[in-house]
Amino acid sequence: LKETRPQRDDEEPSSGRLIHPSALLPGTVLLTSVLGQAGFFAFLPLYTLQVGLAGSRFVFLMYSAIVVAIRLFGARIPDVLGPERTARTSLLFSAVGLALAGMWGSPAGVVGGTAIFAVGSSLAFPALMVLAVRGTSPHERGAVLGTFTAFVDLAFGAGPLTLGFVAEAAGYGATFVTAAGIILAGFFLLFVRTRSAAR
């Protein structure tokens with residue numbers, strides 16, 4: 001194969017920034033999405049037992065299968081719909097799925113909510129990543145992606161810890177509903193900022 005890497009202009013200085021501002025908004029929205037995932041992964045095994053399922057293995061298997069299938073066969077969805085619309089739709093699916101699982105405390109609610117949540121989880125990361133790198137020069141993309149993906153680590157570190165207080169105070173169902181509310185906050189942040197940029 002021929003070289004596909006863009007030729008870098010040596011006269012263009014590298015900014016040297018470790019935290020790139022282009023990734024802050026998409027990264028913050030990603031934080032809300034992944035925080036919901038972190039709470040889902042942490043508390044689903046306990047919640048499935050509470051609602052009467054024998055365990056969480058089938059639910060996790062279904063979640064993984066949906067995510068893998070959509071990322072394989074729907075990889076061009078962000079290109080067709082656009083990253084903003086894809087990200088907003090993904091966040092809405094994630095919030096609705098978690099809220100359904102939390103409010104409908106039954107096996108059907110958990111399975112149905114997980115299926116909807118998996119659809120949202122599958123496309124949020126790639127769509128938001130496109131938003132993060134869009135408009136940046138090739139030599140800045142390392143800093144952009146480093147900043148963007150740092151929000152994933154932050155969410156997985158803080159998500160179970162903070163949502164654990166909700167689980168202790170109000171139960172697992174309330175934890176899922178709270179995570180849905182956090183994702184909705186990310187949706188509204190993205191909606192407001194993208195509409196402002198469009199104007």
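**An all-helix chain and its ring cluster**

Eight residues form a cluster through ring pairs: F40, F41, Y47, F60, Y63, F117, F156 and F176. They belong to a predicted model. In total, the structure holds 14 aromatic pairs.

Start with F40 and F176. The centres of their rings lie 6.1 Å apart, and the planes meet at 65°. An angle over 60 degrees counts as edge-to-face, so that is the label for the pair of F40 and F176. The two residues come from distant parts of the chain. F40 sits in helix α1, F176 sits in helix α7, and 136 residues separate them in sequence. Both F40 and F176 are buried.

F176 has another partner, Y47. Here the ring centres are 5.0 Å apart, with 40° between the planes. This pair is tilted. Why does the pair of Y47 and F176 tie together parts that are 129 residues apart in sequence? Y47 lies in helix α1 and F176 lies in helix α7, so the pair joins those two helices. Y47 is buried, as is F176.

Now step back to the whole fold. The protein has 7 helices and 0 strands. Along the sequence the pattern reads α-α-α-α-α-α-α. The radius of gyration is 18 Å, close to the 16 Å that the globule rule gives for 199 residues, so the protein is as compact as a globular protein of that length. The C-alpha trace spans about 65 × 35 × 30 Å along its principal axes.

Contacts tell how the chain is put together. Take those between residues at least 6 apart in sequence. Of these, 79% join residues at least 24 apart. The pair of F40 and F176 has already shown a link between distant parts of the chain.

What share of the 199 residues is buried? Buried residues make up 41%. On the outside, the accessible surface comes to about 10,700 Å². Carbon and sulfur atoms account for 65% of that surface.

Next, look at the segment before α1. Both I19 and H20 are found there, and helix α1 itself covers residues 24-51. Is I19 buried or exposed? I19 has a relative accessibility of 59%. The cut-off for exposed is over 50%, so I19 counts as exposed. I19 also belongs to a nonpolar surface patch, together with L18 and L24. The area of this patch is about 340 Å².

H20 gives the opposite reading. Its relative accessibility is 2%. Buried means under 20%, so H20 counts as buried. Which residues does H20 touch, leaving aside neighbours within four places in sequence? H20 is in contact with T136, E140, A143, V144 and T147.

End in helix α7, which runs over residues 172-198. F191 is found in this helix, as is F176 from the ring cluster. F191 has a relative accessible area of 29%. That value falls between the cut-offs of 20% and 50%, so F191 is partly exposed. By contrast, F176 is buried. F191 and F148 are 43 residues apart along the chain. Their C-alpha atoms are separated by 19 Å.

Notes. Residues are numbered from 1 along each chain as its sequence is written. This is a predicted model: local features need pLDDT of at least 70, side-chain atom pairs count only at pLDDT 80 or more; totals for chains, interfaces and linings use all residues. Side-chain values use heavy atoms; hydrogens and water are left out. Helices (H or I, at least four residues) and strands (E, at least two) are DSSP runs, numbered from the N terminus. Buried means under 20% relative accessible area, exposed over 50%, partly exposed in between (1.4 Å probe, protein chains only). Patches are made of residues with over 30% relative accessible area and no salt bridge: like charges are joined within 9 Å, nonpolar side chains (Val, Leu, Ile, Met, Phe, Trp, Tyr) within 5 Å. Accessible areas come from the Shrake-Rupley method with a 1.4 Å probe; for residues, only the protein chains shown count as cover. A salt bridge is a side-chain nitrogen of Lys or Arg within 4 Å of a carboxyl oxygen of Asp or Glu. The radius of gyration is taken over C-alpha atoms; the globule rule is 2.2 Å times the number of residues to the power 0.38. Contact means heavy atoms within 4.5 Å. Rings of Phe, Tyr and Trp (its six-membered ring) pair if their centres lie within 6.5 Å; planes under 30 degrees apart count as stacked, over 60 as edge-to-face and the rest as tilted.
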